[in-house]
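Reader: I have a model to look at and some terms to sort out. Please take me through them.

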Amino acid sequence: GWDRCLLVTRAAIRRVGLLDEMRPGDAPGALADFRRQAASLDFENVVDPETRLSATEHDAQPGQIESGAPERPCLLALVHEGGGGARFAVEDLLLILSSAFHCLLLGTGRNHWSLYEARDGAFKMRRYYAFPDSWRVDSVLDDDRSGVLEDVCRSFAVDLVNIHHLLGNHPEAVGLFRKLELPVIFSFHDFYALCPTSHLVDDKLAYCAGRCTEGEGSCAVNRDFFRGAGPVLKHRYVHEHRRRMQSALAQCSAHTAPSKTVFHRLEKFPGFNALSNLHIIPHGSRGERLELAADPAGAWPVRVLCPGNLNEAKGSRLIRRLTELNCARGQPLEFHFLGAGQNVFRSGESGAVHHGPYRRDEFDLWVEKIRPSFALLAPVCEETWSFTLSECWGCGIPVFASDLGALQERIELNGGGWLFAAG
């Protein structure tokens, strides 16, 4: 018999094979073959002379196997560190799956990446990686970042990769995962695959639908990631970006999106219309719907909630015009702004009330305090889902919304609001 124990990681077994398959009945020879093949694939054989195992009365008898908790497969999800709907969706998903999977979340930023583990209903940081060079959308996956991806996959024996966004990362990451023989699922949360603007809003803050509008200019981008000098997107780098994304998506095992809107937009562009294994998987919602909307009958003024991070892409120009008309007509409406980035309006302007940022778990409390009769969602671009719509519906608030994207798709399917022409 052997006088030592051998711990073999799941990743090594997946890539090298099982010991018994190599030389049935020849354990020493099988072990030698396994070590040679594992070493050729860059796995390390580490000997720990200090650890000892002793027999106890609880040891399994010959022919018996002690029962225990089954080893969970490991899921690695990747998403940018910028927050917003994509991050919400990923965190919700991993917390639900953590009972069946060992769930890891790799958050990608400009100068650092953070690795979290979903455990006990929360996310705990496991590793932090700082990089000497800041991320640029037109650079390729460098050795530092590719080394991190390989380290995470091998250290935690990752079985499945789910990419939710590539901001702070690069399309070439998909090829690296495929070289590690890992299946990759790509989940769309916006239109970054078509253009780094993500929301397809041009330099004039108009919706371009992925087709560059006339003239030169700097299109609206995420300023947390796009800082300093960078490539000109409009009419130029956007085409190279699109080619890189097409190549990456073609290597994925499956593609998911929360609404039909995503695939309807992608199929209008050559290369993206050839994607296969597409799945529509709506984001989850709260189990119990609350009824917190106030009856507008006889109310003066009628309160209207404008939730979310308001900017030009989210319809701040239209909302500003509405507040001006509201003021001219005696303020029959009282607008309540709830969310970050709402400095586009001055405090008290046209009777508006500003409540500032909120946490997701506080939304119900704010609605109960404000008691709006309606909500207003006025983006000038297509949404792929809209968590703010879900939050409003979860509180029983009917919504006025732009007739674009998932807002139109969901309201036409479920009711719960009215649509108006965007812009």
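Reader: What makes strands 11-10-9-12-13-14 a sheet with parallel pairing?
Author: Two strands pair if DSSP finds at least two bridges between them. Strands are DSSP runs of E, at least two residues, numbered from the N terminus. Strand 9 (residues 302-307) and strand 10 (residues 333-338) have 6 bridges, in the parallel sense. The cut-off is at least two, so strands 9 and 10 count as a pair. One bridge joins Leu-305 to His-336 in strand 10.

Reader: Why are strand 11 and strand 14 called edge strands?
Author: Strand 11 (353-356) and strand 14 (417-420) each pair on one side only. The sheet is open and has 6 strands.

Reader: What can be trusted here?
Author: This is a predicted model: local features need pLDDT of at least 70, side-chain atom pairs count only at pLDDT 80 or more, and totals for chains, interfaces and linings use all residues. Residues are numbered from 1 along each chain as its sequence is written, and side-chain values use heavy atoms, without hydrogens and water.

Reader: Which strands does helix 10 touch?
Author: Helix 10 (residues 363-370) touches strand 9, strand 10 and strand 11. Contact means heavy atoms within 4.5 Å. A helix is a DSSP run of H or I, at least four residues. The direction of helix 10 makes about 160° with that of strand 9. Such angles run from 0 to 180 degrees between N-to-C directions, with axes fitted to C-alpha atoms, for helices over the stretch in contact.

Reader: How many of the 423 residues count as buried?
Author: The share is 44%. Buried means under 20% relative accessible area, with a 1.4 Å probe and protein chains only.

Technical notes:
Buried means under 20% relative accessible area, exposed over 50%, partly exposed in between (1.4 Å probe, protein chains only).
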